Amino acid sequence: MADNTSERVVVRFAGDSGDGMQLTGERFASSTAIFGNDLATLPDFPAEIRAPQGTIPGVSSFQIHFAGHDILTPGDRPDVLVVMNPAALRANLKDLRSGGVIIANSDEFSKRNLQKAGYSANPLEDDSLDGYQIHPVAMTSLTEGAVAPAGVGKKDASRCKNMFALGLLSWMYHRPVEHTEKFLRTKFAKAPTVAEANVLALHAGWNYGETIESSVARVEIPPAQLPPGKYRQITGNIALAYGIVAAGRCTRMPVVLGSYPITPASSILHELSKHKNFGITTIQAEDEIAAVGAALGASYGGALGVTTTSGPGLALKAETIGLAVMTELPLIIVDVQRGGPSTGLPTKTEQADLLQAFCGRNGESPVAVLAPSSPADCFDTALEAARIALTYRTPVIILSDGMIANGSEPWRIPDAETLPEFSAGFATAPNASDGSGDFWPYRRDPTSLARDWAIPGTPGLEHRIGGLEKADGKGGISYDPENHDTMVRLRQAKIEGIAVPDLEVDDPTGDADVLVLGWGSTLGPIGAGCRRVRRRGLSVAQAHLRSLNPMPANLGDVLNSYERVIVPEMNLGQLSMILRAKFLIDIVPYTKVSGMPFKAEEVEQMLLDHMTPEYHKAGVK
């Protein structure tokens, strides 16, 4: 067998939802991170909880892009496709690059399974896959033979075939297997025979690559030159959970998470429930309304209240978020967006909750809105959300999405000593300006416009708050028209006055006419698309928004400095509409609502289409 060196490769594992493709991909990604490559992953879950076995609706896949240099996306098209049955082949073949490698579990290409996938003949044998490198491997039978010494039953033995596939791919790309072996023995500690079977299957796959006479080539991807530090692989949801834990530590406040399980946000609840030792209290409520109510109640009591959800759950929390606006209490709401409306596409990604985050409450009800741009950025975004929520006494909505939540990348673990410190700044003494010695709960800091926040039960600071309009300063219930006008404008001014960093623009040549502006998870595809266009000799500028409300103070000047501004987003143009209304600029939307993220090649082609005059002027073919 020949050994080759490559700078990058994209591998996709695909199989039935019961074949363990997510575990296989995650373990491969983990060993890749340990090896030192840069990486990005894209898990794709079937929409149906339990589709009929061997059918296309039940196909689950995990794609990983890893390289010896920095990368921005999980890759457009796989170079290697591992398929565990015919349905997985049929569902994913259209994405495989021309000449790509197919490693197929030939044992599962039975007549019945072929029919389930809609094949009239075996594609591994009828030359229909000419143009690809096909490697049929009898994974099921080889696995069953390899794990026989463990003494597991036939069903458990067959289930280990995903570890066989992992072992073979680990051999192909020089990935270490020791950590996966340790992981398996820990995961199946209560079932040692199952653990042993999985380990045997893992090594059998590796040894198959070593010994079989095959044309499969080993490929070496050198480690990436990343900034020095200690790294780990992390998903967006785990990074958000860690960011929330860090926020509690930085503020020295207890954190209370009120949550109702919902895809794809649930793993934040699962992770935070493990960290009671850091002062984290998790409440799995009976519904979304109770969950956000518990979080807001915790904030009223002096904790940092957090609630997590996804699309339809955010709608159910709307009234309580409005209550948080009226009571002017800190509250962090994490919305991991998915395809909608209603229950929509629970396992697919979208960015279509932006207008809901902006406007989805009754009355004038402004809140701060942030959007992380990558899995690792979720950690910093959670800290920033806590800073804003506590400093300005306001709800903050974090708009993550399915791609960020489930995707992963290397994360440089920060030094805890370098994390920012900020305090709740609780009121400790009466503050009335009339000399009465009373506590006025709506007396404000003149800079932040945040009201004083007193923990209930503090002697001398007794007060009431609620959902009815408050009198400016004293906080009593007020139906005075002028007071209502004043309070509405004060709450709006408070949000508009939140300090956020200026927008930075990546414009290497300084002569670009076109600016691509993104938000959230589109950062990677936009960045990769811009790189490709620049390699063609064309100039394009790129900028990305984390703070969506308020927007950076220099945003208007940035937008006005380019002839054309293009906004790619996974909705029908929600940010484009906001920017048009706010800055009176003819924004060009570029939208996608397929439930899948942009590909770099899509962004590249879009830019070439919009830069046609420059494209031909440069003489590039």
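The following legends describe close-up views of a predicted model.

**View 1. Helix α11 and its buried face.** Helix α11 comprises the 13 residues 288-300. At 1.5 Å a residue this helix should span 18 Å, and its end C-alpha atoms are indeed 18 Å apart, so expectation and model agree. The buried residues of α11 are Glu 288, Ala 291, Val 292, Ala 295, Leu 296, Ala 298 and Ser 299. Seen down the helix axis, these buried residues fall within an arc of 155 degrees and therefore line one face of α11. Their packing partners are the strands β10 (255-259), β12 (304-309) and β13 (331-337), together with the helices α12 (311-316) and α13 (318-327).

**View 2. The two ends of helix α11.** At the N-terminal end, Asp 287 acts as the cap of α11. A side-chain oxygen of Asp 287 lies 3.1 Å from the backbone nitrogen of Ile 289. Beyond the other end, α11 is followed by Gly 302, which has a positive phi, near 105 degrees.

**View 3. The largest nonpolar core around Leu 548.** The largest nonpolar core contains 89 residues, of which Leu 517, Leu 548 and Leu 579 touch the most other members. Helix α15 (residues 377-392) gives the most to this core, contributing 10 residues. With neighbours within four places in sequence set aside, Leu 548 is in contact with Leu 354, Phe 358, Val 369, Ala 371, Leu 399, Trp 519 and Leu 575. A second, separate core has 42 residues, among them Phe 28, Phe 66, Met 139 and Leu 202.

**View 4. The span annotated in UniProt as a catalytic domain.** An unreviewed UniProt entry lists residues 18-205 as "domain: Pyruvate/ketoisovalerate oxidoreductase catalytic". In the model, the end C-alpha atoms of residues 18-205 lie 19 Å apart. Helix accounts for 41% of this span and strand for 16%.

**View 5. The surroundings of Asn 483.** Asn 483 is located in helix α17 (residues 481-496). Its relative accessibility is 11%, and Asn 483 therefore counts as buried, the cut-off being under 20%. Apart from neighbours within four places in sequence, Asn 483 is in contact with Glu 469, Lys 470, Ala 471, Asp 472 and Ser 478. With Ser 478 there is a polar contact between the two side chains, at 3.2 Å. Ile 388 is 95 residues from Asn 483 in sequence, and the two residues are 26 Å apart in space, C-alpha to C-alpha.

Notes
Residues are numbered from 1 along each chain as its sequence is written. This is a predicted model: local features need pLDDT of at least 70, side-chain atom pairs count only at pLDDT 80 or more; totals for chains, interfaces and linings use all residues. Side-chain values use heavy atoms; hydrogens and water are left out. Helices (H or I, at least four residues) and strands (E, at least two) are DSSP runs, numbered from the N terminus. The expected span of a helix is 1.5 Å times one less than its number of residues. Buried means under 20% relative accessible area, exposed over 50%, partly exposed in between (1.4 Å probe, protein chains only). The arc is that of the directions from the helix axis to the C-beta atoms. Contact means heavy atoms within 4.5 Å. A polar contact is a pair of N or O atoms within 3.5 Å; within protein, one must be able to donate a hydrogen and the other to accept it, and residues adjacent in sequence count only if both atoms are side-chain atoms. A nonpolar core is a set of buried Ala, Val, Leu, Ile, Met, Phe, Trp, Tyr and Cys residues joined through side-chain atoms within 4.5 Å. UniProt positions are given in the numbering used here, feature names are shortened, and annotations may be inferred rather than shown by experiment.
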